[in-house]
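Got the viewer open? Let's take a walk through this one, stop by stop.

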Amino acid sequence: MDHMNPKDIIICRCSDVTLFDLFELFEQGYRSFEELKRIKRVGMGPCQANTCGKMVQWEIAKYFKIPLEEALFHNLRPFTLGIKLKHIKEGSDT
Amino acid sequence: MKQVEVLIIGAGPAGLSAADILLEAGASVAIVDRSDRVGGQLTKQTHMFFGSQAHYASKRGIDILTILFDKIKHHPNLHMFTNTTVAGLYPDKVVACVQESRYFTLQAKAIIVATGASEKSLPFENNDLPGVYAAGAVQTLMNVYGVKPGDKVLMVGSGNIGLIVTYQLMQAGVIVPMLVEAAETISGYLVHASKIKRLGVDLRMRTSVKRALGTKHVEGAQIWQLDEQWQGIPGTEETIPVDTICLAVGLSPLTELLQQIGAEVTYINELGGHVPRLNDRFETTVDGVFACGDVAGIEEASSAMIAGTIAGLEAALKRGYKIENVAERRASLHASLATLRSGPHAAKIRKGHEKLGVKS
């Protein structure tokens, strides 16, 4: 019996990012959610990091042996969900 | 742009309680909720609540919802926006809303954020296999829609949600052979744990899921024991034949809107994640923006109702409304909240508040 295979562990289901993908980025020195997001799109899908966010934070803390509080989270900006430009235009006209 | 006086985001126990006192004070209230059903988590809480009579003890969550909503639903100063998601919150209190394909904006004088929480997930092999559910989703399927999620379920997590959902699954005729918990002891109420133990559920402490088995759907779960560092111990694996894995591994406050509007948040693990910094009037660091309920730290519905009433009362005062016997009412609400947070199960909440530098 062995340890878990990080290639089979999905962290971000919106963008199909595995734990293995995160480990690769950690090895390259990326250690904040903001950086991981820009490179791998983790947390940029429909859930906007509401599902993967805490797992990413946990893995950062574990890998770099830092307290959870020090694992930096990403900046949150509008919108919280996808909206068609057409609908924004229609809504703004009224 | 439509102007509203007090905008409440979230029609759960906190948001509805805030609306009640605001309407009573004479304010005009708009509630936005992304669901088409009012009530938040109360819509699926078919179990009876604990606590004192003042906190709706022995009443079921769904019945408490009826009581709360019946009090306000016909009020002429209440405007409901259901099936509507707040997509953006801006510093000038402009609120971008989406109702299906309709986009519109509102501007509020004061905002109460009562968005609640989202469920945490867990990294294990094949955790994206159909049949892996979060406990809240299982509860919604069963108690709101009357749909059985599976026939044989492995429950992961022994907080009150894990324990209660296990019992409700069994009431629905679903087999729950085992519950695994990563910690050394049960984290929910012992009375719930005893009930499922008597019904034959194998409760395993210091144990977690290693992988979900199956190709197209969960056909089993491999579990393993954990060491002191929460790491799985190779060689301790066991295969449990189940078709569903239910994750009840905690909740995380939904503070994204508060962060958008520029409210200061701090990461407090004991409270579930990022929580807003609040003053004793439950106002965030942004003037006129209040927060209450799980978004301010994970607790339960009873405290969310009291916190919602406090936030509503303070927002009403801020808008210049008079509330009779305000000093006594405020004191008694804070005393109620302190009582709910005084037991051994609230130790985590008290520690979280201590880290945050606020009184429990």
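A cut-off to keep in your pocket: a residue counts as buried when its relative accessible area is under 20%, as exposed when that value is over 50%, and as partly exposed in between. One more thing before you click: this is a predicted model.

**Stop 1: the whole chain.** Select chain A and show it as a cartoon. You should find four helices and two strands. Trace the chain from the N terminus and the order reads β-β-α-α-α-α. Now zoom out and look at the outline. The C-alpha atoms fill a box of roughly 60 × 30 × 20 Å along the principal axes. The radius of gyration is 16 Å, where a compact globule of 94 residues would come out near 12 Å.

**Stop 2: surface and contacts.** Switch on the surface for chain A. Its accessible area is about 5500 Å², with carbon and sulfur atoms supplying 52% of that. Colour by burial, and 46% of the 94 residues count as buried. If you like contact maps, take the contacts with a separation of 6 or more: 50% of them are between residues 24 or more positions apart.

**Stop 3: charges.** Select the charged side chains of chain A. There are 14 positive and 13 negative ones, and the centres of the two sets sit 6 Å apart.

**Stop 4: the rings.** Next, pick out the aromatic side chains. How many aromatic pairs are there over all chains? The count is eight. Start with Phe26(A) and Tyr63(A): the ring centres are 4.9 Å apart and the planes meet at 45 degrees, so this pair is tilted. Phe26(A) belongs to helix 1 (residues 19-27) and Tyr63(A) to helix 3 (residues 53-64), so the pair ties together parts 37 residues apart in sequence.

Is Phe26(A) buried or exposed? Its relative accessibility is 2%, so Phe26(A) counts as buried. Tyr63(A) has 32%, so it counts as partly exposed.

Keep Phe26(A) selected and add Phe64(A). These two make an edge-to-face pair, 5.3 Å centre to centre with 70 degrees between the planes. This pair, too, links distant parts of the chain: Phe26(A) is in helix 1 and Phe64(A) in helix 3, 38 residues apart.

**Last stop: the cluster.** Add Phe23(A) to the selection and show all four rings as sticks. Phe23(A), Phe26(A), Tyr63(A) and Phe64(A) form one aromatic cluster.

Key
Residues numbered from 1 in each chain as written. Chains lettered and ligands numbered in written order. Predicted model: local features only at pLDDT ≥ 70, side-chain atom pairs only at ≥ 80, totals over all residues. Heavy atoms only, no water. Rg over C-alpha atoms; globule rule 2.2 N^0.38 Å. Buried < 20%, exposed > 50% of the residue type's maximum accessible area, 1.4 Å probe, protein only. Contact = heavy atoms within 4.5 Å. Areas by Shrake-Rupley, 256 points an atom, 1.4 Å probe, with all protein chains shown as cover. Lys, Arg positive; Asp, Glu negative; His and termini not counted. Charge placed at Lys NZ, Arg CZ, Asp CG, Glu CD. Phe/Tyr/Trp six-rings, centres within 6.5 Å; stacked < 30°, edge-to-face > 60°.
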